[in-house]
Amino acid sequence: PKLTPQEKLKLRMQKALNRQFKADKKAAQEKMIQQEHERQEREDELRAMARKIRMKVLEAPALPEFSVSSVPGQMLMPCLRRERERREKEREEWERQYSRQSRSPSPRYSREYSSSRRRSRSRSRSPHYRH
């Protein structure tokens, strides 16, 4: 079957499009594989660092405030508990400070905000508004 020049062009364009699609798909796949590989490497590095830190901590002489219990890992609990409590207190303080501001702004601010909003709305609704 003889193809018209238009049909030939259409076929060529379709083939080029398919090639580009395949190339893009392959590039996206390779990028995802690379990202996964990098993520895995980071995880491995973090695991190794955590292991080193744990070994250093376990090798360090026990401080008087820590009591070595029969349960492994309990030696660090008082220190970790204090740290966790400090973080929780900071978070609660932050939430208390910022949630109060977002729920009830000061009356002066709300008055200024509402009046400026009223003016800008009325201006934008006007059918004869000119620049």
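What follows is a chat about a predicted model of one protein chain.

Biologist: Hi! Before we start, what are the ground rules for this model?

Modeller: It is a predicted model, where local features need pLDDT of at least 70 and side-chain atom pairs count only at pLDDT 80 or more, while totals for chains, interfaces and linings use all residues. Residues are numbered from 1 along each chain as its sequence is written, and side-chain values use heavy atoms, with hydrogens and water left out.

Biologist: Fine. How many helices and strands are there?

Modeller: The protein chain has three helices and zero strands, so the pattern along the sequence reads α-α-α. Here helices (H or I, at least four residues) and strands (E, at least two) are DSSP runs, numbered from the N terminus.

Biologist: And which helix has the highest mean pLDDT, and which the lowest?

Modeller: Helix 1 has the highest mean, 95, and helix 3 (residues 107-125) the lowest, 51. The protein chain averages 77, with 62% of the residues scoring at least 70. pLDDT is the predictor's confidence in each residue, from 0 to 100. Where pLDDT is low, the predicted coordinates should not be read in detail.

Biologist: What share of the residues is buried?

Modeller: Of 131 residues, 2% count as buried. Buried means under 20% relative accessible area, exposed over 50%, and partly exposed in between (1.4 Å probe, protein chains only).

Biologist: And the accessible surface, how much does it come to?

Modeller: About 13300 Å² for the protein chain, with 55% of that belonging to carbon and sulfur atoms. Areas come from the Shrake-Rupley method with a 1.4 Å probe, and for residues only the protein chains shown count as cover.

Biologist: Changing topic: how many salt bridges turn up in the whole structure?

Modeller: Eight. A salt bridge is a side-chain nitrogen of Lys or Arg within 4 Å of a carboxyl oxygen of Asp or Glu.

Biologist: Which residues are linked in a network?

Modeller: Salt bridges link Glu36, Arg39, Glu43, Asp44 and Arg47. Within that network, Glu36 and Arg39 meet at 2.5 Å, N to O, and Glu43 pairs with Arg39 at 2.3 Å between the closest N and O atoms.

Biologist: Where do Glu36 and Arg39 sit relative to each other?

Modeller: They are three residues apart in helix 1 (residues 5-59), so about one helical turn separates Glu36 from Arg39. Glu43 and Arg39 are also both in helix 1, four residues apart, about one turn.

Biologist: Are those side chains buried or exposed?

Modeller: In between: Glu36 is partly exposed at 38%, Arg39 is partly exposed at 32%, and Glu43 is partly exposed at 30%.

Biologist: What about Glu83 and Arg87?

Modeller: Their side chains form a salt bridge of 3.3 Å, N to O. They lie four residues apart in helix 2 (residues 77-103), about one helical turn. Glu83 is partly exposed at 29%, whereas Arg87 is exposed at 52%.

Biologist: Which residues form a nonpolar patch on the surface?

Modeller: Leu46, Met49 and Ile53, with about 320 Å² of accessible area together. Leu46 lies in helix 1 and is exposed at 54% relative accessibility. Patches are made of residues with over 30% relative accessible area and no salt bridge; like charges are joined within 9 Å, nonpolar side chains (Val, Leu, Ile, Met, Phe, Trp, Tyr) within 5 Å.

Biologist: Last one: where does UniProt place the "coiled-coil region"?

Modeller: The unreviewed entry puts that feature at residues 18-52. UniProt positions are in the numbering used here, feature names are shortened, and annotations may be inferred rather than shown by experiment. In the model, residues 18-52 are 100% helix and 0% strand, with the end C-alpha atoms 51 Å apart.
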